[in-house]
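This report covers charge pairing, one pocket and one helix packing. Please read it alongside the coordinates.

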Amino acid sequence: MSNTASLRPRPVASEHTPLKARDVAFDWADTPLHWIPGDPDSTHTINVLHLLLPAGERWFVHVYQQVLPQIRDARLREDVIGFIGQEAMHSRAHDDVLPHLKRLGLDPTPYTAQVDWLFEKLLGDRPPLLNAWAVPPLPPGRASRWWLMERVAIIAAIEHYTAFLGDWVLNAEALDARGADPTMLDLLRWHGAEEVEHRSVAFDLFMHVDGGYRRRVRTWATAFSALVFLWQRGTRFFMENDPSLPDGKASFREFCRAGRQGVLPTPGAMARSIPQYLSRTYHPSRYGSTAQAAAYLAGSPAATAAEAHPSKHPAQHPTGAA
């Protein structure tokens with residue numbers, strides 16, 4: 001075997017599973033603002049997901065609808081269609097939490113408006129520099145393909161971290177021990193299980209349409225920096241605008257404390273995920289367990305209810321994929 005061949009990412013075949021969107025619904029009537037009792041810091045750190053994911057996952061779907069015609073592998077195409085359906089449901093489920101937060105006195109609109117701008121404008125169909133000059137969308141050609149490949153690679157990097165978080169929350173027994181709200185836990189674990197279930201799709205798509213290592217590293221740096229910035233900013237926003245916390249402030253010390261207690265990921269675990277993704281032999285199927293994800297989905301209250309009651313919502317199909 002050549003040295004080049006030995007460095008190619010090798011998926012674990014047994015970790016592949018057909019994907020389907022589950023039309024879940026959650027009742028937030030009894031979920032308190034601090035759904036981890038007595039721990040607003042950890043609650044709001046996780047609540048940032050509700051701020052970022054609706055716009056972010058709508059953006060994933062938009063980008064993948066553009067790249068779908070370039071997929072030449074039939075199984076990968078089916079995986080991408082399943083991924084699109086799941087991401088559309090994730091976006092809707094987290095979006096539905098926002099009115100509940102507003103009813104509890106915490107209006108997320110000022111922050112979500114900025115997140116919408118980030119995904120719709122800064123990461124839209126025109127590169128950032130062209131956006132600044134209000135240049136129309138790029139016509140088909142090298143520049144347009146370059147920007148599409150950049151965004152496909154950014155999604156692959158982000159999905160590395162959503163799978164990391166999904167695996168973490170499936171195993172975060174400390175949240176149960178602390179009495180975390182069961183409805184919120186089911187949302188997080190249903191979503192986390194599907195992130196583990198489809199954790200290889202974004203990377204496989206990137207490798208299929210481009211796969212350049214320099215692009216992978218460059219876009220990882222962009223994605224990681226943006227996630228850290230947006231997450232700490234979102235946590236600060238929640239803590240400062242929580243009506244029950246007159247002097248609420250987010251702090252790295254509290255983040256580390258929560259990590260030691262198991263109600264948040266530890267900084268060390270997050271740091272160890274970096275060389276995983278940057279390894280030339282990295283493949284997402286080596287991290288996390290599809291069997292564990294499937295086991296949770298088989299018992300999830302929201303997922304099982306969705307199986308028992310067919311979708312009341314129109315099926316979500318990418319353009320040309322119905």
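In this predicted model, the structure holds 14 salt bridges. One of them joins the side chains of E307 and K20, at 2.5 Å from N to O. E307 sits in helix α15 (residues 301-308), and K20 sits in the loop between α1 (3-6) and α2, so the pair ties together parts that are 287 residues apart in sequence.

Next, the second largest pocket. The space in this pocket comes to about 390 Å³. Its lining has 23 residues, and P11, R75, D79, D204 and H283 are the closest to the pocket centre. Two elements, α3 (74-95) and α10 (201-209), give two or more residues each to the lining. The largest share, five residues, comes from α10.

Now the helix packing. Helix α2 (residues 40-67) packs on helix α11 (residues 213-241) at an angle of about 120°, and the axes lie 8 Å apart. The crossing of α2 past α11 is right-handed. On the α2 side, the contact is made by P40, D41, H44, T45, N47, V48, L49, L51 and L52. The α11 side brings L230, W231, G234, T235, F237, F238 and M239.

How do the residues of the pocket lining and of the helix contact divide by class? The table gives both.

| Region | Nonpolar | Polar | Charged |
|---|---|---|---|
| Lining of the second largest pocket | nine residues | seven residues | seven residues |
| Contact of α2 with α11 | ten residues | five residues | one residue |

The one charged residue of the helix contact is D41 of α2.

Notes:
Residues numbered from 1 in each chain as written. Predicted model: local features only at pLDDT ≥ 70, side-chain atom pairs only at ≥ 80, totals over all residues. Heavy atoms only, no water. Axes fitted to C-alpha atoms, helices over the stretch in contact; angles between N-to-C directions. Helix = DSSP H or I, 4+ residues; strand = E, 2+ residues; numbered from the N terminus. Left-handed = near helix turned anticlockwise from the far one by under 90°. Contact = heavy atoms within 4.5 Å. Nonpolar A, V, L, I, M, F, W, Y, C, P; charged D, E, K, R; others polar. 1 Å grid on protein atoms, 1.4 Å probe; cavity = no way out; pocket = protein on both sides within 12 Å on 5 of 7 lines; lining within 4 Å. Points joined across faces, edges and corners; volume = space filled by probe spheres on them. Salt bridge = Lys/Arg side-chain N within 4 Å of Asp/Glu carboxyl O.
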